[in-house]
Amino acid sequence: MYRDHTRVVQIGDRKIGGGNPILIQSMTNTKTEDIEGTVKQILALEAAGCEIIRCTVPTIEAARAVKEIKKQIHIPLVADIHFDYKMAIAAMENGADKIRINPGNIGGKEKIKAVVDTARERNIPIRVGVNSGSLEKELVKKYDGVTAEGLVESALDKVKIIEDLGYDNLVISIKSSDVMMCVKAHELLAEQTSYPLHVGITEAGTLYSGNIKSAVGLGIILYQGIGDTIRVSLTGDPVEEIKSAKRILKTLNLRKGGVEVVSCPTCGRTQIDLIGLANQVETMVQEFPLDIKVAVMGCVVNGPGEAKEADIGIAGGKGEGLLIKKGEIVRKVPEDQLLQVLRQELENWK
Ligand code: SF4
């Protein structure tokens, strides 16, 4: 599997590549110069399960803020740089654990060299990122449009620029909002390099479309054993990105842990507000660090049978529901106490 054979890259105190667990990333949407606001958001992301955080560093104030932010957070921080190589250097001097650059937009070779020299002195990895929106004109012309082949060539060209400067502590990312182009680009890239890959679908959209595009795209890519760290990009609260990323990894059996909620689709037999109850359960279980499956079923007739694969479940009936374990009815529960009883069971779960 590609992922097992990628090089290991150390980002702060975490490692990616070489078969290490796929780490979940997100990006802050605060002004990085706003230390308090940025730290607050990162701590919320950490609590949700974020393992690497990226912050934009567009100004020298933002680069200096990195130092203070790092003192108050517990996960590696990646500085995202566009255009100004001095910001990349300043971010590293202020403690960034990794930088993300597009060598194509930070100036000439001398400037890239200055960035690489600083990275080498401090052994800081560089993520070389290319994006379908900024593919070079020559490659667009060569491949008759923006294509997976063009994106891969662009990424490998940029990697080569840095390799030629004698540095190979690298991670690569190729992003496209076209899901299938992104999939193809990763397949091609995985055949041609052994650097760890940061995978994501860019500009995926709002919660609804972004989640579907990311789940499909990342699902296909990760299922092939490609990808060492992921970011789900959503137009919304970045905490949602973490929840989605965790769910994608869990669905692919690439992560364990956390309560999985299964719920029936409801039908004419449903006798309670199952949609409301399932949503309440989904929020409630997040507090419990258990690795179990919880079922929320809409009726007492088929609910127990359909919840057979779950460790514990509740089924709603008119005025009275059921508590179920492994498909066996444990006892009847008044309808308005189903959530509370489930909570007690989880609190006492051994
Ligand atoms: S568990 Fe009951 S309510 Fe839910 S889909 Fe099955 S039959 Fe319908």
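1. Ala79 has Ile99 of strand 6 standing opposite it. This pair belongs to a predicted model, and the strands concerned are strand 5 (residues 77-80) and strand 6 (residues 98-101), which run parallel and are joined by three bridges. Strands of a sheet pair through backbone hydrogen bonds, in either a parallel or an antiparallel manner.

2. Strands 5 and 6 are part of a barrel. Eight strands close into this barrel in the order 3-4-5-6-7-8-9-10, and their pairing is parallel. On average, neighbouring strands of this sheet are turned by 25° against each other, direction ignored. Helix 7 packs on the sheet and touches strand 7 (126-131) and strand 8 (170-175). The direction of helix 7 makes about 150° with that of strand 7.

3. Helix 7 also has a helical partner. Two packed helices are described by the angle between their axes and the distance between the axes. Helix 7 (residues 148-164) and helix 8 (residues 179-192) pack at an angle of about 45°, and their axes are 8 Å apart. The two helices, helix 7 and helix 8, are therefore oblique to each other, and their crossing is right-handed. Helix 7 contributes Ala148, Glu149, Leu151, Val152 and Leu156 to the contact, while helix 8 contributes Met181, Lys184, Ala185, Leu188, Leu189 and Gln192. By class, this contact of helix 7 with helix 8 has eight nonpolar, one polar and two charged residues.

4. A second helix pair may be described in the manner of the first. Helix 3 (residues 60-72) and helix 4 (residues 85-93) pack at an angle of about 15°, with axes 8 Å apart. Helix 3 and helix 4 are therefore roughly parallel to each other; the crossing of helix 3 and helix 4 is right-handed. In the contact, Ile60, Ala63 and Val66 of helix 3 meet Met87, Ala90 and Ala91 of helix 4. By class, the contact of helix 3 with helix 4 has six nonpolar residues, no polar residues and no charged residues.

5. The model also contains an open sheet. Five strands form this sheet in the order 11-12-13-14-15, with mixed pairing. Strand 11 (260-263) and strand 15 (328-334) stand at the edges, each with a single partner strand, so one side of each has no neighbour in the sheet. From one strand to the next, the twist averages 20°. Helix 11 (residues 274-285) lies across strand 11, strand 12 (293-297) and strand 13, and runs at about 160° to strand 12.

6. Strand 14 of the open sheet has two antiparallel partners to examine. Strand 13 (residues 312-315) and strand 14 (residues 320-325) run antiparallel and are joined by four bridges; here Leu323 in strand 14 is the bridge partner of Ile314. Strand 14 and strand 15 also run antiparallel, with six bridges joining them, and Glu320 stands opposite Pro334 in strand 15. The hairpin of strand 14 and strand 15 has two residues between the strands, and in this hairpin Lys326 takes a positive phi near 50°.

7. The final point concerns the ligand. Which residues are around the ligand? They are Cys264, Pro265, Cys267, Thr270, Gly298, Cys299, Asn302, Gly303 and Glu306. The residues of this shell divide into four nonpolar, four polar and one charged.

Technical notes
Residues numbered from 1 in each chain as written. Predicted model: local features only at pLDDT ≥ 70, side-chain atom pairs only at ≥ 80, totals over all residues. Heavy atoms only, no water. Axes fitted to C-alpha atoms, helices over the stretch in contact; angles between N-to-C directions. Parallel < 35°, antiparallel > 145°, perpendicular 65-115°, else oblique. Left-handed = near helix turned anticlockwise from the far one by under 90°. Contact = heavy atoms within 4.5 Å. Nonpolar A, V, L, I, M, F, W, Y, C, P; charged D, E, K, R; others polar. Near = heavy atom within 4 Å. Pairing = 2+ DSSP bridges.
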